[in-house]
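Notebook open, coffee poured. I'm going through this one from the overall fold down to a handful of residues.

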Amino acid sequence: MHEQPAPPKRSTRKRLTADDWADAALTALAERGLAGVAVEPLAVRLGTTKGSFYWHFANRDALVAAALARWEELSTERIIQDMEAAEPDPAARLGALLRGATATAAEDPLEVRLLAAADHPEVAAALARVTERRVGYLAHLFELLGFPTPEARRRGLLAYTSYVGHAQLAHAVPGSVQDDPAYLATVTAALLRT
């Protein structure tokens, strides 16, 4: 009797996607800034080889572009979609956005690192798109609350700059910005005051 040959062994390692690489690049960016996005250390972190990287990306710039697109999707578009689906009241949506964004900003240095890398053309373009989208969405909420378009835009910008300032201060001077629900309620009330 002849033994049949064993089937070829399949790798038990998960096949990495471009999103896996982009997520790893975002983590490295949050930890060490744009300079931290380097192919070899990312490959080690992901438990793979540089060959996997070149399967998905032509070069590091392509990875940076993919990481920035991933950041836009996860940190702006999905949040807006989730808020739209979960909360019908624009005032409650605004409050939830401020609470969620400030809590995340205090814990995650990614956006502060991106702001610090704003002299990089790809980063600058992504920051411009995200800022416009976020301010535009906030302005939309203020319009839904009855504010005229120019005033809604000003309040949207004020809400966004409050968030950015909060994020910057939380990382520049740890402990200076407390996770205080009363403070955020005061900010929200001030933004809604007519």
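I read along the sequence first and wrote down the pattern α-α-α-α-α-α-α-α-α. The tally for the chain is nine helices and zero strands, where helices (H or I, at least four residues) and strands (E, at least two) are DSSP runs numbered from the N terminus.

Ground rules, before I forget: this is a predicted model, with pLDDT of at least 70 needed for local features and 80 or more for side-chain atom pairs, while totals for chains, interfaces and linings use all residues. I number residues from 1 along each chain as its sequence is written, and side-chain values use heavy atoms, with hydrogens and water left out.

**Overall dimensions**

I looked up the radius of gyration and got 21 Å, against near 16 Å for a compact globule of 194 residues. That radius is taken over C-alpha atoms, and the globule rule is 2.2 Å times the number of residues to the power 0.38. Along the principal axes, the C-alpha atoms fill a box of roughly 85 × 40 × 30 Å.

**Surface and charge**

The accessible surface comes to about 11,400 Å², and carbon and sulfur atoms hold 58% of it. Those areas are from the Shrake-Rupley method with a 1.4 Å probe; for residues, only the protein chains shown count as cover.

For charges I noted 21 positive and 24 negative side chains, with the centres of the two sets 4 Å apart. Lys and Arg count as positive and Asp and Glu as negative, without His or the chain ends. Each charge is placed at NZ of Lys, CZ of Arg, CG of Asp or CD of Glu.

**Core and contacts**

How much of the chain is buried? I get 36% of the 194 residues, with buried meaning under 20% relative accessible area, exposed over 50% and partly exposed in between (1.4 Å probe, protein chains only).

Next I checked the largest nonpolar core, which has 48 residues; Trp21, Leu42, Leu63, Trp71 and Leu114 touch the most other members. Such a core is a set of buried Ala, Val, Leu, Ile, Met, Phe, Trp, Tyr and Cys residues joined through side-chain atoms within 4.5 Å. Elements giving two or more residues to this core include helix H1 (18-32), helix H4 (60-86) and helix H9 (181-192). H7 gives the most, with nine residues.

I then picked Leu42 and left aside its neighbours within four places in sequence: it is in contact (heavy atoms within 4.5 Å) with Trp21, Ala24, Ala25, Ala28, Val37 and Leu63. Chain-wide, I took contacts between residues at least 6 apart in sequence, and 66% of them join residues at least 24 apart.

**Single residues**

Thr188 sits in helix H9. Buried or exposed? Thr188 counts as buried because its relative accessible area is 11%. Not counting residues up to four places away in sequence, Thr188 touches Gly95 and Leu98.

I put Gly136 in helix H7, and its 28% relative accessible area makes it partly exposed. From Gly136 to Thr188 I count 52 residues along the chain and 17 Å between C-alpha atoms.

Leu157 belongs to helix H8 and is partly exposed at 43%. Leu157 and Val135 are 22 residues apart in sequence, yet their C-alpha atoms are 5.5 Å apart.

Last entry: Ala62, in helix H4, is partly exposed at 27%. Between Ala62 and Arg15 I have 47 residues in sequence and 19 Å from C-alpha to C-alpha.
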